[in-house]
Amino acid sequence: MKKIAILNCLKANDVCTAAACIKAFNLRKAHFEEYDGMDAELVAVARCNGCDAGIDKGFREKLERIVSEGADVCHFGVCTVKKETGEECPVITEAGKYLEEHGVRLVRGTH
Ligand code: SF4
């Protein structure tokens, strides 16, 4: 069983239900295509705690939870890339380093 987590930007929270991410996962579309025909489950859909918080205690707890849930892969939503520059948010990059250090593979993209 492949265990999958999704990490998104808090700024998307106003309008985001994660429905498009979850749908793409369920249908094994877009960046979830690699799991087609595979036994895979979503174990977490998390957001950061905002730009001011950075990797605060709470966000660290979320990352630890993703690891303790046994996630094999964590997908970063497109919202984690800054529209103005096209670059990944440095807080998310830092979060990704933590996840990779704990054996979680990263995929940039969801739907
Ligand atoms: S820290 Fe990054 S991912 Fe989180 S709200 Fe700010 S821009 Fe979005």
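How far apart are the mean positions of the positive and negative charges of the chain? The mean positions of the 16 positive and 18 negative charges are 3 Å apart. This report describes a predicted model, beginning with the chain as a whole and then turning to its cores and to selected residues.

**Overall form**

The secondary structure of the chain consists of three helices and four strands. Read from the N terminus, these elements follow the order β-α-β-α-β-α-β. The C-alpha trace spans about 40 × 30 × 20 Å along its principal axes. The radius of gyration of the chain is 13 Å, which agrees with the value near 13 Å for a compact globule of 111 residues.

Buried residues account for 41% of the 111 residues in the chain. The accessible surface comes to about 6400 Å², and 49% of that surface belongs to carbon and sulfur atoms. Of the contacts between residues at least 6 apart in sequence, 76% join residues at least 24 apart.

**The nonpolar cores**

The largest nonpolar core holds 20 residues, and the members that touch the most other members are Leu7, Cys74 and Leu99. Two or more residues of this core come from each of strand S1 (2-8), strand S2 (40-47), helix H2 (57-68), strand S3 (73-76) and helix H3 (90-101). Helix H3 makes the greatest contribution, with five residues.

Leu7 has contacts in several parts of the sequence. Leaving aside residues up to four places away in sequence, Leu7 touches Ala46, Arg47, Cys48, Phe59, Leu63, Cys74, His75, Phe76, Gly77, Thr80, Ile92 and Ala95. A second core, separate from the one described above, has 10 residues, including Ile6, Ala24, Phe32 and Tyr35.

**The loop between H1 and S2**

Three residues of interest are Arg28, Lys29 and Ala30. Arg28 is found in the loop between H1 and S2. Lys29 lies in this loop, between helix H1 (19-27) and S2, and Ala30 is likewise placed in the loop between H1 and S2. The table gives their relative accessible areas.

| Residue | Relative accessible area | State |
|---|---|---|
| Arg28 | 14% | buried |
| Lys29 | 49% | partly exposed |
| Ala30 | 40% | partly exposed |

Most residues other than glycine have a negative phi. Arg28, however, has a positive phi, near 55°. Ala30, which is not a glycine, also has a positive phi, of about 50°.

Lys29 touches Ala24 and Thr110, not counting residues up to four places away in sequence. Ala24 is one of the residues of the second core. The C-alpha atoms of Lys29 and His111 are separated by 7.1 Å, although the two residues are 82 residues apart along the chain.

**Ala40 in strand S2**

Ala40 belongs to strand S2. Is this residue, Ala40, buried or exposed? With a relative accessible area of 12%, Ala40 is below the 20% limit and is therefore buried. Apart from residues up to four places away in sequence, Ala40 touches Met1, Lys2, Ile4, Phe25, Arg28 and Tyr35. Among these neighbours, Arg28 is the buried residue of the loop described above, and Tyr35 is a member of the second core. For Met1, the distance to Ala40 between C-alpha atoms is 5.3 Å, with their positions 39 residues apart along the chain counted as separation.

Notes: Residues are numbered from 1 along each chain as its sequence is written. This is a predicted model: local features need pLDDT of at least 70, side-chain atom pairs count only at pLDDT 80 or more; totals for chains, interfaces and linings use all residues. Side-chain values use heavy atoms; hydrogens and water are left out. A nonpolar core is a set of buried Ala, Val, Leu, Ile, Met, Phe, Trp, Tyr and Cys residues joined through side-chain atoms within 4.5 Å. Buried means under 20% relative accessible area, exposed over 50%, partly exposed in between (1.4 Å probe, protein chains only). Contact means heavy atoms within 4.5 Å. The radius of gyration is taken over C-alpha atoms; the globule rule is 2.2 Å times the number of residues to the power 0.38. Accessible areas come from the Shrake-Rupley method with a 1.4 Å probe; for residues, only the protein chains shown count as cover. Lys and Arg count as positive and Asp and Glu as negative; His and the chain ends are not counted. The place of a charge is taken as NZ of Lys, CZ of Arg, CG of Asp or CD of Glu.
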